[in-house]
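I opened my notebook to look up a few things in this structure, one at a time. Come along and check each entry against the picture.

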Amino acid sequence: MSFLTNWADWMPTLLKGLLLSIEITAASLAIGLPLGLLLAVATSSPVKAVRWLCIALVEVGRGAPALVVLQLFYFGLPSTGLTVSSFVSAFCALGLTTAAFTSEILRAGLQAVPAGETEACAALGVTRMDTLRFVVAPQGLRIALPALMGFAVLIFQATSLCFTIAVPELLSQAYSIGSSTFQYLSVLSLAGLLYAAITVPASWLVARADRRMSRHLAHAT
Amino acid sequence: MEALNAVLVGVPLTLLVTAAAFAMGAVLGVPLVVGLRSERALARIPCRFLVDLLRGVPAIVWLFVIYFGVSIGAYRFAAVPAAIIGLGAISAAYLAEIYRGGISSVHAGQWEAAQALGVDGRTVFSRIVGPQALRVSIPSMASYLISLLKDSSIASTIGVTEIVFYTTQDARSGGGGLTVYIIAAITYTVLSIPLGLASRALYDSLRKKVSR
Amino acid sequence: MTSSQAAQNMVSLRGVSKKFGEKTIFSDIDLDVKTGEVMAVIGPSGAGKSTLLRCINLLEQPTAGRITVGGHTIDAGKPGSRSEVQALRRSAGMVFQHFNLFPHMNVLQNISFAQVRVLGRSRTEADKRSAELLDRVGLADFANAYPSRCSGGQQQRIAIARALAVDPEVMLFDEPTSALDPEVGLEVLAVMQELASAGMTMIIVTHEMSFARDVSDTLVVMADGRIIEQGDARAVMANPTHERTRTFLRAVVDR
């Protein structure tokens, strides 16, 4: 059972990495969600140029693997003279990926709000901005919440890719312990369990929120 | 266009890893979903645990575990097999959940009618419910295939010489790093287009065969 | 039409047409509604009644013609600016078949919302007015309830209060009782009757023949995209001149 003492030794370092992973997740969501909402609204814009530009951005943002976007920022940007730290690359890249994916989730949520309510607002003379702000967005965001939570779990998992751009998050810490002790299987298993310790309960919460939301939506009709 | 060449050289392995992992997952997903739906806790709980673990731990961690961590005697996995096994196992978990959704969407009356006719459980599953569940699952499976295509990029971290491997090599060796990454991003987007179209076509042709 | 007659019209339609792609819903409709007049629009399904009503407050864009509501005019040819359209919509209140209340706001907020955002009233002023309107439609105790807790008839009465809150000059009703059980529909019709007696100009698309006959001043019969009959409500129903009207009335009234 020597691996347990090893695990106890490695825990502090791994937990430090885990904390960083969570911080990157939070930063990416903080950047990506507002951008995603903006894109969600812009992709239904009556101005064709705006609409097409945003659709293109969303398609590329969703089509490119997160790993590519991460490395684009860290290894690719310097060629233009702009060098960013690994930490900034991490949450910029993941923030953009978040924006692209959540724009689709939010768009679906906004569209799920019954069209009749938008008509009622129009009939009352309420401006489009006010309709979005007070009637459509509050309900749309609530509808989108379970899917957004599910996506947050995926972004947390994606922080493990930041290993490749030298961010000292959880996987990096595990790997460096592994390369110095050669106990790869042991330390990587522990890291895996730490990831699972967060994602599995989180996914269970998301599933519950999802069930409650579909019950609420069925009720409302 | 040296950058484009660098990217294109990696495409065959990207496609190989994606296809092999998907095939493995599509097949292994079946016993997994049977286990998930089993009434016996002895089968259901380990399957649930396995699926949650496979989906809850990031893919790159799984690949590292298999590539760096596993040594059976003197044997260690080579990069490509490790990538396929890792991504294949994860795919099995995701596809099992997709199958589960498809199966539960098949009208309960189908089960009841078949059982009332005296058809045994296994045949009900394979000949009546299964095909309908599969049809419903196809869009989700296609969607997963596209995301698997992107996840195949993770294989580069254990040395598989696919798209990202060559892209990074090209970026770090010369100047113009930004261009090659943009080309890589567009390549992945372009590769997923035929998948989306094929899935739409397959779904439509299957739908014609079923009356509802 | 003399200028004094024109001045009495709350709503005027001239040459209004609506097409969806190749399909013509109706063409070249002329209609005048005097201030204080209650007009019922009846006819078989698909005749274009709802579409016509929705053109009046520009929820549908007419393909041709001119719409005038309470002094605001919009020509189909030159689409008005956003603020002109909004001004026209403020003059016309609309009540929908499916109520369209805002489920995430309580009843009072539903009624106050447009008062605050469109008319610029203060929250307190708006809430006071909302409470008065709730009382008028017989739902004084419902201020803090949420729409999902209310019955269909209650929701529709709240919807009427919401439309009245922005002080419209004409009220448009798009099949207000079609989604309600008959007994429940009566409470809504009672509110509409009170509105009519108080002198509100009303245009109602409806299947409720007894309401059409007893409460409205004018009856307009639409079929196949045209107005085939128009006149005093009781007169038209007793002695329809058009064969199509006769067949329609027979089928409906005999139910």
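**Entry 1: a pair of strands.** In which sense do strand E4 (residues 64–69) of chain C and E5(C) pair, and over how many bridges? I looked this up in a predicted model, so I kept that in mind throughout. I found that E4(C) and E5(C) pair in the antiparallel sense, over four bridges. One spot to find on screen is Val69(C), which stands opposite His72(C) in E5(C).

**Entry 2: the sheet around that pair.** Next I looked for the other strands. Four strands of chain C form an open sheet, in the order E2-E1-E4-E5, and the pairing is antiparallel. Why do strand E2 (23–34) and strand E5 (72–75) of chain C each have one side without a neighbour in the sheet? They stand at the edges with a single partner strand each, so one side of each is left free of a neighbour in the sheet. I also noted the twist: neighbouring strands of this sheet are turned by 15 degrees against each other on average, direction ignored. A reminder to myself: strands of a sheet pair through backbone hydrogen bonds, either parallel or antiparallel.

**Entry 3: helices lying across the sheet.** Which strands does helix H2 (residues 49–56) of chain C lie across? I found strand E1 (9–20), E2 and E4 of chain C, with H2(C) running at about 120 degrees to E1(C). Helix H3 (residues 82–91) of chain C lies across E4 and E5 of chain C, and it runs at about 125 degrees to E5(C).

I stayed with H2(C) a little longer. Is this helix mostly covered or mostly open? It is mostly covered, with seven of its eight residues buried. The buried residues include Leu52(C), Leu53(C) and Ile56(C), and Lys49(C) and Arg54(C) are on that list as well. Just after H2(C), I came to Leu58(C), which takes a positive phi of about 60 degrees.

**Entry 4: chain C as a whole.** I stepped back and counted. Chain C has ten helices and ten strands. Its C-alpha atoms fill a box of roughly 50 × 45 × 40 Å, taken along the principal axes. A compact globule of 255 residues would have a radius of gyration near 18 Å, and chain C agrees with that because its own value is 18 Å. Buried residues make up 48% of the 255 residues in chain C. For contacts in chain C with a separation of 6 or more, I wrote down that 63% are accounted for by residues 24 or more positions apart.

**Entry 5: chain B.** I asked the same kind of thing here. How many helices and strands does chain B come to? The answer is nine helices and two strands. Along the sequence they follow the pattern α-α-α-α-β-β-α-α-α-α-α. The box filled by the C-alpha atoms of chain B is roughly 70 × 45 × 25 Å along the principal axes. Of the 212 residues of chain B, 42% count as buried. Among contacts in chain B between residues at least 6 apart in sequence, 76% join residues at least 24 apart.

**Entry 6: two helices in chain A.** Helix H4 (residues 86–111) and helix H6 (residues 128–158) of chain A pack at an angle of about 145 degrees, with their axes 8 Å apart. H4(A) passes H6(A) in a right-handed crossing. Among the residues that make the contact are Phe101(A) and Ile105(A) of H4(A), and Leu141(A) and Phe151(A) of H6(A). By class, the contact divides into 16 nonpolar, four polar and no charged residues.

**Entry 7: where the chains touch.** I began with chains A and B. Their contact takes 34 residues from chain A and 30 residues from chain B. Which helix gives the largest share of the side of chain A that touches chain B? I found that H8(A) does, with eleven residues. That side has 20 nonpolar, 13 polar and one charged residues.

Then I turned to chains C and A, where 18 residues of chain C are in contact with 15 residues of chain A. H3 and helix H4 (107–119) of chain C each supply at least two residues of the side that touches chain A. H4(C) gives the most to that side, with four residues. My last note is that this side of chain C divides into nine nonpolar, six polar and three charged residues.

Note on methods:
Residues numbered from 1 in each chain as written. Chains lettered and ligands numbered in written order. Predicted model: local features only at pLDDT ≥ 70, side-chain atom pairs only at ≥ 80, totals over all residues. Pairing = 2+ DSSP bridges. Axes fitted to C-alpha atoms, helices over the stretch in contact; angles between N-to-C directions. Contact = placed C-beta atoms within 7 Å. Buried ≥ 20, exposed ≤ 12 C-beta atoms within 10 Å, placed from the backbone. Nonpolar A, V, L, I, M, F, W, Y, C, P; charged D, E, K, R; others polar. Rg over C-alpha atoms; globule rule 2.2 N^0.38 Å. Left-handed = near helix turned anticlockwise from the far one by under 90°.
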